[in-house]
Amino acid sequence: MSSGLVLIDLMPRIVALPLAPHSGEDVLDRCRALAGAFRAQGRPVVLVRVERPNVAEQPTGSELAPGLQEPGDVVVVKQTIGAFHGTDLDERLRERGVRTLVFGGLVTSMGVESTARVASDHGYDLEFVADAMSDRTAEEHDFAVRRTFPRFGTVRNTTDYL
């Protein structure tokens with residue numbers, strides 16, 4: 001069984017939002033460290049970003065955060081909250097033999113949680129890196145990390161992977 005890192009919506013316009021309990025920059029730094037650790041072990045790194053459908057031009061800051069993507073990474077562009085609907089994410093994970101998904105990114109109770117719920121429906125084992133994600137409020141983040149995520153998988157911290 002192989003594990004892959006799935007990082008959600010690490011885009012300048014989302015990283016810059018007022019987030020809690022961790023700032024977007026702190027989450028981005030931890031996600032960069034996680035990505036480096038996964039790459040060093042030859043494990044896949046999946047970077048997910050969102051584009052608004054039916055608009056002529058995406059808002060400024062809709063690209064992946066600078067310095068995040070490296071050659072060999074899987075990039076998925078979604079148009080919904082979760083990363084599975086309308087994308088080839090499942091196929092790309094399966095062709096790489098990925099059975100366990102390790103999640104980080106923004107925001108905890110939206111993009112991360114939505115993607116994780118569908119990943120569970122697809123039969124993946126799930127792990128969540130609590131300090132490598134954040135939300136609009138600390139309460140929303142804490143509820144997901146303490147109540148929701150343990151029902152789907154294991155909750156860890158960045159140091160568990162580094």
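The following dialogue explains how to read several features of the predicted model shown above.

Reader: What should be known about the model and its numbering before the features are read?

Author: Residues are numbered from 1 along each chain as its sequence is written, and side-chain values use heavy atoms, with hydrogens and water left out. This is a predicted model, in which local features need pLDDT of at least 70 and side-chain atom pairs count only at pLDDT 80 or more, while totals for chains, interfaces and linings use all residues.

Reader: How many residues does the largest nonpolar core have, and which have the most contacts inside it?

Author: A nonpolar core is a set of buried Ala, Val, Leu, Ile, Met, Phe, Trp, Tyr and Cys residues joined through side-chain atoms within 4.5 Å. Buried means under 20% relative accessible area and exposed over 50%, with partly exposed in between (1.4 Å probe, protein chains only). Here the largest such core has 25 residues, and L5, L7, L10, L68 and L106 have the most contacts inside it. At least two residues of this core come from each of β1 (2-8), α1 (12-15), α2 (24-40), β2 (45-50), β4 (98-106) and β5 (125-134). Helix α2 gives the most, with 6 residues. Helices (H or I, at least four residues) and strands (E, at least two) are DSSP runs, numbered from the N terminus. A second, separate core of 24 residues includes V6, L93, F103 and V145.

Reader: Which residues does L106 touch, apart from those up to four places away in sequence?

Author: Contact means heavy atoms within 4.5 Å. By that criterion L106 touches I8, D9, L10, I14, V15, L19, V27, V112 and S134.

Reader: How does β5 pair with β4 and β6, and over how many bridges?

Author: Two strands pair if DSSP finds at least two bridges between them. Strands β4 and β5 are parallel and share 6 bridges; β5 and β6 (153-156) also run parallel, joined by 4 bridges. Within these pairings, F128 of β5 is the bridge partner of F103 and stands opposite V155 in β6. Of the 10 residues of β5, 9 are buried.

Reader: What is the handedness of the β-α-β units that contain β5?

Author: A crossover is right-handed if, with the strands pointing away from the viewer, the path from the first strand over the helix to the second runs clockwise. The unit made by β4, α4 and β5 is right-handed, and the unit made by β5, α5 and β6 is right-handed.

Reader: Which residues of helix α5 are buried, and which exposed residues lie on the face turned away from them?

Author: An α-helix has 3.6 residues a turn, so residues three or four places apart point the same way. In α5 (residues 138-148), the buried residues are H141, A144, V145 and T148. They lie on the same side of α5 because they cover an arc of only 125 degrees around the axis, the arc being that of the directions from the helix axis to the C-beta atoms. The face turned away from this buried side carries the exposed residues E139, F143, R146 and R147. The buried residues of α5 pack against α4, β5 and β6.

Reader: What surrounds A116 and E113 in helix α4?

Author: A116 lies in α4 (residues 108-121) and is buried, with a relative accessible area of 3%. Leaving aside neighbours within four places in sequence, A116 is in contact with F103, L126 and F128. E113 is also placed in α4 and counts as buried at 13% relative accessibility. With the corresponding neighbours left aside, E113 is in contact with T108, A144, T148 and F149.

Reader: How many aromatic pairs does the structure hold, and how is such a pair described?

Author: A pair of aromatic rings is described by the distance of the centres and the angle of the planes. Rings of Phe, Tyr and Trp (its six-membered ring) pair if their centres lie within 6.5 Å; planes under 30 degrees apart count as stacked, over 60 as edge-to-face and the rest as tilted. The structure holds 4 aromatic pairs. The F84 and Y124 rings have centres 6.2 Å apart and planes at 35 degrees, so this pair is tilted. F84 lies in the loop between β3 (74-78) and α3 (89-95), and Y124 in the loop between α4 and β5, so the pair ties together parts 40 residues apart in sequence. Both F84 and Y124 are buried. F128 and F149 are stacked, at 3.9 Å centre to centre with 5 degrees between the planes. This pair links F128 in strand β5 with F149 in the loop between α5 and β6, 21 residues apart.

Reader: Are F128 and F149 buried or exposed, and which aromatic cluster includes them?

Author: F128 is buried, at 0% relative accessible area, and F149 is buried, at 1%. Together with F103, F128 and F149 form one aromatic cluster.
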